[in-house]
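Here is a quick walk through one protein chain, meant for reading with the structure open beside you. The topics are how the helices pack, what sits in the core, and where the backbone does something unusual.

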Amino acid sequence: MNEYNIYLQKINELNNMGLEPIKYGETTLGQPMYVYKLSKRVDYSKKPIKVLVQAGIHAREYITTFLLFSLIEYYNVRIFRELSMLNKERKSKYLKLNYEIYFAINTNVDGFRLCTTGLDFIKDNKLKRQLLQINQGNFDFSLFKANINGVDLNVNFDAHWGQGKSNLNFKNTENYIGAYPNSEIETQNLINLTKSINPDITLSYHSKGEEIYYEFYQDNIRLKRDKEIADIIAKTTKYKVVDVSSKSAGGFKDYCIEKLKIPSFTIEVGKDIYSHPLGLEKLPLIFKQNKYVISNILKYFAERN
Ligand SMILES: [Zn+2]
């Protein structure tokens, strides 16, 4: 079974466990874009801390979508466990914390499907020809990163748009910025979702390299705050915080830092020596490295509440 079908099966499986996704939009080809919400409300006089976790914006990096499925199952159980511990251990600031975790499982469903199943699902012959041209005549799309329009969604956001080091001005398997900022429906849907949630922090999962990025033209006060959280993520995952000033632009993390002024991070999972796309057999290790990231971030917020 290909990874796209495993994805559909996983959504079904979660449904059967009572975990229903919320559809927040559709892709260019009309496929649903889903977000899962898990929440814990203990103290009704206080606002919840909101964490938005996003994955799969680059087609071939679909391992990150499967990481989110694992995290959804893990945190679902964890919330029940925390609630049952409340009576005994009321003193813990973390246990008394209200929180909402949002998992936007795949921002580029069309690209993901193309990458894992090839051109067959596309009905429009003109689009097929265009995609083949973008892919230099190759029917193997397994290294594809862009959306179905040949736009790299993670350089399409309105945040220093077009100023990235590797930006391209033509349709391609990666790095094309699009005709104008936020031109793609997937970009717009993710922005609308983010605005409607109004998160305190976002995490964007990519592959690969075991690195964490947190910088995007912040002032010094915010830079210090964001570095502190990046260090927490690094300590948890054993990944490396990359301190060099950002060469990227137009990414989702960039947008959240610039427009929402919140701490936002890119986490690159998987060893650099692995080749793209990372197979699902890599998931157990990646999950193990990342499963406490959200709870350690929530503990950070609990100490400040
Ligand atoms: Zn990526």
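In this predicted model, helix 2 (residues 63-85) and helix 8 (residues 283-290) have axes that come within 10 Å and cross at roughly 60 degrees. That angle makes helix 2 oblique to helix 8. The crossing of the two is right-handed. If you want to find the contact on screen, pick out I63, F66, L67 and S70 on the helix 2 side, and L283, I286, F287 and N290 on the helix 8 side. Sorted by class, this contact of helix 2 with helix 8 comes to six nonpolar residues and two polar ones, with no charged residues.

Now for another helix pair. Helix 6 (residues 220-237) packs against helix 9 (residues 293-304) at an angle of about 140 degrees, and their axes are 10 Å apart. The crossing of helix 6 and helix 9 is right-handed. Helix 6 brings I229, I232, I233, T236 and T237 to the meeting, while helix 9 brings V293, N296, I297 and Y300. In the contact of helix 6 with helix 9 there are six nonpolar and three polar residues, and no charged ones.

On to the core. In soluble globular proteins, nonpolar side chains tend to be buried together. Here the largest nonpolar core has 69 residues, and V51, V53, L67, L68 and F103 are the ones with the most contacts inside it. Helix 2 supplies the largest share of this core, eight residues. L67, one of those with the most contacts in the core, is also one of the helix 2 residues that make the contact with helix 8. What does F103 touch, leaving aside its neighbours within four places in sequence? F103 is in contact with V35, Y36, V53, L68, L71 and I72. Among these partners of F103 are V53 and L68, both of which are themselves on the list of residues with the most contacts in the core.

Helix 7 (residues 252-260) is worth a look too: its F252, K253, D254, Y255, C256 and I257 are buried. What covers the buried residues of helix 7? The cover includes strand 3 (49-55), helix 5 (185-197), strand 5 (201-207), strand 6 (211-213) and strand 8 (264-269). Right after helix 7 comes K261, with a positive phi near 60 degrees.

That brings us to the backbone oddities. Most residues other than glycine have a negative phi, and most peptide bonds are trans. The exceptions below are easy to check by eye.

| Feature | Where | Value |
|---|---|---|
| Cis peptide bond | S207 to K208 | omega about 20 degrees |
| Cis peptide bond | H276 to P277 | omega about -15 degrees |
| Positive phi | H160 | phi near 50 degrees |
| Positive phi | N175 | phi about 75 degrees |

As for location, K208 sits in the loop between strand 5 and strand 6, and P277 is in the loop between strand 8 and helix 8. H160 belongs to the loop between helix 4 and helix 5, and N175 is likewise found in the loop between helix 4 and helix 5. H160 counts as partly exposed because it has 19 other C-beta atoms within 10 Å, where 20 would be enough for buried. N175 has 18 such atoms within 10 Å, so it is partly exposed as well.

Two further spots round things off. G118 is in the loop between helix 3 (109-117) and helix 4 (125-134). Because it has 15 C-beta neighbours inside 10 Å, G118 is partly exposed. How far apart in space are G118 and D140, which are 22 residues apart in sequence? Their C-alpha atoms are 6.6 Å apart. Not counting its neighbours within four places in sequence, G118 is in contact with F139 and F141.

The other spot is N2, in the segment before helix 1 (3-16). Is N2 buried or exposed? N2 is exposed, because 11 other C-beta atoms lie within 10 Å of its own. Beyond residues up to four places away in sequence, N2 touches T116 and T117. N2 and F301 are 299 residues apart along the chain, and their C-alpha atoms are separated by 39 Å.

Key
Residues are numbered from 1 along each chain as its sequence is written. This is a predicted model: local features need pLDDT of at least 70, side-chain atom pairs count only at pLDDT 80 or more; totals for chains, interfaces and linings use all residues. Axes are lines fitted to C-alpha atoms, for helices over the stretch in contact, and angles run from 0 to 180 degrees between N-to-C directions. Helices (H or I, at least four residues) and strands (E, at least two) are DSSP runs, numbered from the N terminus. Angles under 35 degrees count as roughly parallel, over 145 as roughly antiparallel, 65 to 115 as roughly perpendicular and the rest as oblique. A crossing is left-handed if the near helix is turned anticlockwise from the far one by less than a right angle, and right-handed if clockwise. Two residues are in contact if their C-beta atoms, placed from the backbone, lie within 7 Å. Ala, Val, Leu, Ile, Met, Phe, Trp, Tyr, Cys and Pro count as nonpolar, Asp, Glu, Lys and Arg as charged, and the others, Gly among them, as polar. A nonpolar core is a set of buried Ala, Val, Leu, Ile, Met, Phe, Trp, Tyr and Cys residues joined through C-beta atoms within 7 Å. A residue is buried if 20 or more other C-beta atoms lie within 10 Å of its own, exposed if 12 or fewer, and partly exposed in between; C-beta atoms are placed from the backbone.
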